[in-house]
Amino acid sequence: MYERPDRYRLIQADLSRRSRIARGGGYSYAAASFGAGSVVQDLGRFNRLLRFDPTARIIEVEAAVTLADLLTVTSRAGLCLPVQPGYPAITIGGCIAANVHGKNPSREGTFVGSLVDLTLFHPDHGVIRVTRENPPGLFDLTCGGYGLTGVILAATLRLEPLAGDRVSIRRVRVGDPLEAIALARDLAGDSLFAYTWHDAAPRGRSFGRGFAYHGLLKSGPVDPNTVVPPYRVLTPAARARLPFSLWQSLTIRAFTSAFWHAEASRPEVTETTLFDAIFPFARRSVYFRLFGRPGLAEYQALVPHGGTETFLRKLRQLILSTRAPSVMLSLKAFKGAPRLLRFDGDGTCVTLDLQRSAATLDLLRRIDDLTIAVGGIPNIIKDSRLPKPVVQACYPEYERFRQELRAFDAQRIFKSELSERLEL
Amino acid sequence: MYVIVGASAGVGRALAARFASAGHNLILVSSDERDLRAMTADLEIRYGVRAYPVAADVSDGDSYLDRIATAANEMGGIDGLLFPVGAVAATDDCSFDPDRVTWLTRLNYESIVRAVTRFLPDLMTRPRATLVAFGSVAAVRGRRRNVAYSAAKRALQSFFESLRHVSVGSSVTVQFYVLGYMDTALARGLRTSIPKGNPEVLSARVLQNLGRDVGVVYFPSFWRPVAAALRHTPWWLFKRMSF
């Protein structure tokens, strides 16, 4: 059952004891906003700005306000959100539920750092204002709680000054991911973003060649009228319109090779808009469309610094031995404190994109073992097949999350495919 | 400054956003106080206009009209009133629950008539003013369903036709939009192959038509010939139809 309420009383309507789950933009790679037997409450109409205090750098918004919307409004006052995940139509409620990260988590941390307080609805508890202190534990359980504590109605966010809307990008060529580990960490510093891109097509000689990208915001005027340019919002139907995937072994090699050569021939320093820098796929959604109906599989792991080299060496061996259709690999430095089921901590964030296939699923099972072996954590919101034993083995506070969730919601009303798969 | 009665959801919400984006100050009336507060805050932050909330159940007396009048005086007078207000009831099926019939009639017809009656003299003194009401294709012919709702909407259309006549030669423009199925909560759960109208598109049309003597507008426009065909369907055939 799918609902699209447009008034608070409809969200709070009596659904008796039926399981339910809130849905924001629907951009998570895992099935966090739907599940068998759960009423889906699409919060799309709850996209209003409730309070904006530019002097205090605070804004309160409803859960379905998007990152693009927020950037448009806050940029008028020379402000922006410090943490911006990669797609402009992602909602604030989704950012909180998955405790997302942006382009430079080693500098700005994860979304929880921008969150002042939130408003939550649960049928048994009513509408609750949740601060970091009160009710005890609920803030941490909700931020990175995958929507399982209730419907996030609104949130107050901390903003930071926005110095300009142009970004200077420096590109450094790297031979392979191992060479890029230290670079990704060193470049992060105070930059707007720092990440690497690697050709992950399963071929021996040039596997892993790539570039490190380092973006710096250029000081200058911000034009609120153009800070969010027109872009075609990617919908689930549009993304899966192609009945087959164009990312096959031959095309992967051709595309990644062409991309590498195109990048290599560009000047070392280029300039782009803030929008294209923080949302690189918003106007290049063809990347996702090419995965067609079979879809994209992404694996993202946060690997401790000490285990990164081992992880990358073995990952390369696995990709080359399984010949799974991997497309690209990326590294990003991370700094933070792990808690409950949040994807947070110190280390290197390794992301691998693949075309979904039987070989891919086999490879991902093996990467699970590798992640456990090096003491890493997989990103729950990025992986739609992540099994419970892996999450249990990687997240030391898995059991604590379950217990605290049950202490708050003994009936476990909020359920999704993700929560059922992980037995949360 | 425009008054929108029934502003916090569906067509009313789209109208409020559209008018605010064009720089118009607004008085917004709705029974959903929390949604209304959220909406007025949003319009003020987003568009820099003034949006004044009046939380009221319009089927429950006229006292809210005094609050509109007071706010309108502060905001420089009313340039137009729009009434995207309305409700249907699942039990509106000739079971003739008197309270339900009274409520539907009050909400869909009487409350609008009383508001227009209250503010029309003031509107006549303005250099330019617009009155806009919204009917429904459900009122084209009486059916087994939405009995009192359809009757109220047909009465409303007749009232606005009279208003249009009364207003000839004055500064007031009277418009009536006959709406087909709209993509709003009112049509939630309605399974139909007939395309639903987009409230955003409708709101743009209403804004564009301000001050123009457009009379009766069907939205989406394909409903005009459909309504005409329904109106002329002979009884022997109509009585066999189930919709």
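A:Arg209 is buried in this predicted model, with a relative accessible area of 15%. Its side chain meets that of A:Asp199 in a salt bridge, with 3.7 Å from N to O. This pair links distant parts of the chain: A:Arg209 lies in the loop between β12 (193–199) and β13 (210–218) of chain A, A:Asp199 belongs to strand β12, and the two residues are 10 apart. A:Asp199 has a relative accessible area of 0%. Because buried means under 20% relative accessible area, A:Asp199 counts as buried, and so does A:Arg209.

A second salt bridge joins the side chains of A:Asp42 and A:Arg4, at 3.2 Å from N to O. Here too distant parts of the chain are linked: A:Asp42 is in strand β3 (residues 39–42) of chain A, while A:Arg4 sits in the loop between β1 (2–3) and α1 (8–11), 38 residues away. How buried or exposed are the two partners? A:Asp42 counts as buried, at 7% relative accessibility, whereas A:Arg4 is partly exposed, with a relative accessible area of 40%.

In a third pair, A:Arg400 forms a salt bridge with A:Glu397, and the closest N and O atoms are 2.8 Å apart. A:Arg400 is partly exposed, its relative accessible area being 33%. A:Glu397 is also partly exposed, with a value of 23%.

The three pairs are listed below.

| Salt bridge | N to O distance |
|---|---|
| A:Arg209 and A:Asp199 | 3.7 Å |
| A:Asp42 and A:Arg4 | 3.2 Å |
| A:Arg400 and A:Glu397 | 2.8 Å |

Side chains of opposite charge can pair when their charged atoms come close. Over all chains, the structure holds 38 salt bridges. Some charged residues are joined in a network rather than listed here as a pair: salt bridges link A:Asp6, A:Arg7, A:Arg9 and B:Asp32. This network includes residues of chain A and a residue of chain B.

A:Glu397 can also be placed relative to A:Leu370. The two residues are 27 apart in sequence, and their C-alpha atoms are 20 Å apart in space. A:Leu370 is found in helix α12 (residues 358–374) of chain A. Which residues does A:Leu370 touch, not counting residues up to four places away in sequence? The contacts are A:Phe311, A:Lys314, A:Leu315 and A:Leu318. A:Leu370 is buried, with a relative accessible area of 7%.

Terms used:
Residues are numbered from 1 along each chain as its sequence is written. Chains are lettered from A and ligands numbered from 1 in the order in which they are written. This is a predicted model: local features need pLDDT of at least 70, side-chain atom pairs count only at pLDDT 80 or more; totals for chains, interfaces and linings use all residues. Side-chain values use heavy atoms; hydrogens and water are left out. A salt bridge is a side-chain nitrogen of Lys or Arg within 4 Å of a carboxyl oxygen of Asp or Glu. Helices (H or I, at least four residues) and strands (E, at least two) are DSSP runs, numbered from the N terminus. Buried means under 20% relative accessible area, exposed over 50%, partly exposed in between (1.4 Å probe, protein chains only). Contact means heavy atoms within 4.5 Å.
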